[in-house]
Amino acid sequence: MSNNAKIAIGGVALGLFLWIWLPFWAVVLIVLGIPTAAYLTLDPSQRRRLRRLRRKELGR
C-alpha cells in the first residue's frame, strides 16, 4: 500500500472519529481551518507555485 493511500485512510478514520465525538461546528472548523491555516503560512512564491500546479493538473 502506498504512503498516499495510508494517509488517505488515516484521514478518513480521523474524520469519522471527529464526526462522532465532536459537535458538527467543531468538525467543520477543523476540516476547513487546518488547510486554510497551512495555505496562509506559505510565502507568496510558494502560493504562486501551488496555483500554477493546480492549473496544470486541471489541463489548462
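Colleague: Which residues does UniProt list as "transmembrane region" for this chain?

Modeller: That label comes from the UniProt record, from an unreviewed entry. The coordinates you see are a predicted model, and the annotation is a separate piece of information from the record. The listed stretch is residues 20-42.

Colleague: How far apart are the end C-alpha atoms of residues 20-42 in the model?

Modeller: Happy to look at that with you. The span is 83% helix and 0% strand. Helix α2 covers 24-40. From one end C-alpha atom of residues 20-42 to the other, the distance is 32 Å.

Colleague: In what order do the elements of the chain run?

Modeller: The chain holds 3 helices and 0 strands. Reading from the N terminus on, the order is α-α-α.

Colleague: Which helix supplies the largest share of the nonpolar patch?

Modeller: The patch covers about 1300 Å², and its members include L14, F17, W19, V28 and I34. Two helices, α1 (3-21) and α2 (24-40), each give at least two residues to it. The largest share is 6 residues, and the helix supplying them is α2.

Colleague: Is I34 buried or exposed?

Modeller: I34 sits in helix α2 and is one of the residues of the nonpolar patch. Its relative accessible area is 56%. Exposed means over 50%, so at 56% I34 counts as exposed.

Colleague: And what about G10, how accessible is that residue?

Modeller: G10 belongs to helix α1. Its relative accessible area is 38%. The in-between class runs from 20% to 50%, so G10, at 38%, is partly exposed.

Colleague: How far apart in space are G10 and T41?

Modeller: In sequence, G10 and T41 are separated by 31 residues. Taken C-alpha to C-alpha, their separation in space is 24 Å.

Colleague: What radius of gyration does the chain have?

Modeller: A useful yardstick is a compact globule of 60 residues, which would have a value near 10 Å. The C-alpha trace here spans about 40 × 30 × 20 Å along its principal axes. The radius of gyration of the chain is 15 Å.

Colleague: What percentage of the residues count as buried?

Modeller: The chain exposes about 5500 Å², and carbon and sulfur atoms supply 69% of that area. To count as buried, a residue needs under 20% relative accessible area. Of the 60 residues, the share that counts as buried is 5%.

Terms used: Residues are numbered from 1 along each chain as its sequence is written. This is a predicted model: local features need pLDDT of at least 70, side-chain atom pairs count only at pLDDT 80 or more; totals for chains, interfaces and linings use all residues. Side-chain values use heavy atoms; hydrogens and water are left out. Patches are made of residues with over 30% relative accessible area and no salt bridge: like charges are joined within 9 Å, nonpolar side chains (Val, Leu, Ile, Met, Phe, Trp, Tyr) within 5 Å. Accessible areas come from the Shrake-Rupley method with a 1.4 Å probe; for residues, only the protein chains shown count as cover. A salt bridge is a side-chain nitrogen of Lys or Arg within 4 Å of a carboxyl oxygen of Asp or Glu. Helices (H or I, at least four residues) and strands (E, at least two) are DSSP runs, numbered from the N terminus. Buried means under 20% relative accessible area, exposed over 50%, partly exposed in between (1.4 Å probe, protein chains only). UniProt positions are given in the numbering used here, feature names are shortened, and annotations may be inferred rather than shown by experiment. The radius of gyration is taken over C-alpha atoms; the globule rule is 2.2 Å times the number of residues to the power 0.38.
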